[in-house]
Amino acid sequence: MTTRVFLVDDHEIVRRGLVDLLGSAPDLEVVGEAASVGEAMARVPGSGADVAVLDVRLPDGNGVELCRDLRAALPELRCLMLTSYSDDEALFDAIMAGASGFVLKQILGTDLVAAVRTVGEGGSLLDSRATSALMNRIRSARRDDPLVQLSEQERAVFDLIGEGLTNREIAERLFLAEKTIKNYVSRLLSKLGMQRRTQAAVLATELRKQH
């Protein structure tokens, strides 16, 4: 079985290196490349790729959002995030976006080939460090019981964020204007000390598991 790989990185020299590296493995085939989010969204769906290797930082967006959009369009696609930085925030976001793995660009070539194989076979590369860091964050938030400070309406919005609903969908569910929901989201993120709604979604998911 050949695993078909699509590469997304804005540095041509990085893509060339990855093409040479992955192309040298008999069971891997690079079926396409893109240098931006826009190019990737246009090219990946018709490429037949099994695995997309995505740079986290791209000129017109980021690989985490791209991962979420690609997986929404192609549920069978596996995404492997590639980054120069060991960034916990990006890691949390990648987990929420449905990524199967997160590796640093300093990784050895043989390890990257193995990572692509693992992801292509349906495995996960979200290591124990990633998982434990996420759980530590959830635990510290739980100790302070941050939801106590949310109003009843903010709590309702928080729960619906946890279900993966967009602002528009939440507005329809609660019979409110979308702009009103945006304001609720901003306020509840501020109260919870968070920058991104994905962080709120992680917390909501973990709290739901406990009940």
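A residue counts as buried when its relative accessible area is under 20%. In this predicted model, Asp 55 has a relative accessibility of 5%, so Asp 55 is buried. The residue sits in strand β3, which covers residues 51-55. An unreviewed UniProt entry lists Asp 55 under "modified residue: 4-aspartylphosphate". Setting aside neighbours within four places in sequence, Asp 55 is in contact with seven residues named here: Val 8, Asp 9, Asp 10, Gly 63, Leu 82, Thr 83 and Lys 105.

Val 8 also appears in the largest nonpolar core. This core holds 22 residues. Val 8, Leu 54, Leu 66, Cys 67, Leu 77 and Met 81 touch the most other members. Several elements give two or more residues to the core: strands β1 (3-8), β3 and β6 (78-83), and helices α2 (37-43), α3 (63-73) and α4 (88-97). Helix α3 supplies the largest share, with four residues. Leu 66 illustrates the contacts made by a core member. Beyond its neighbours within four places in sequence, Leu 66 is in contact with Val 8, Val 37, Ala 40, Met 41, Leu 54 and Leu 58. A second core is separate from this one and has 21 residues. Among them are Leu 165, Ile 170, Tyr 184 and Ala 200.

Helix α5 was examined next. The helix has twelve residues, 109-120. At 1.5 Å a residue, α5 should span 16 Å, and its end C-alpha atoms lie 17 Å apart, so the two values agree. The buried residues of α5 are Leu 112, Val 113, Ala 115, Val 116 and Val 119. They cover an arc of only 160° around the axis, and therefore lie on the same side of α5. The cover over these buried residues includes strands β1, β2 (28-34), β3, β6 and β7 (101-104), along with helix α1 (12-23). Strand β3, which holds Asp 55, is thus one of the elements that cover the buried residues of α5.

Ala 114 is also in helix α5. Partly exposed residues fall between the 20% limit for buried and the 50% limit for exposed. Ala 114 has a relative accessibility of 33%, so Ala 114 counts as partly exposed. Ala 114 and Ala 25 are 89 residues apart along the chain, yet their C-alpha atoms are separated by 9.9 Å. Just after α5, Gly 122 takes a positive phi of about 95°.

Terms used: Residues numbered from 1 in each chain as written. Predicted model: local features only at pLDDT ≥ 70, side-chain atom pairs only at ≥ 80, totals over all residues. Heavy atoms only, no water. UniProt positions renumbered as here; feature names shortened; annotations may be inferred. Buried < 20%, exposed > 50% of the residue type's maximum accessible area, 1.4 Å probe, protein only. Contact = heavy atoms within 4.5 Å. Core = buried A, V, L, I, M, F, W, Y, C linked by side-chain atoms within 4.5 Å. Expected span 1.5 Å × (residues − 1). Arc of directions from axis to C-beta.
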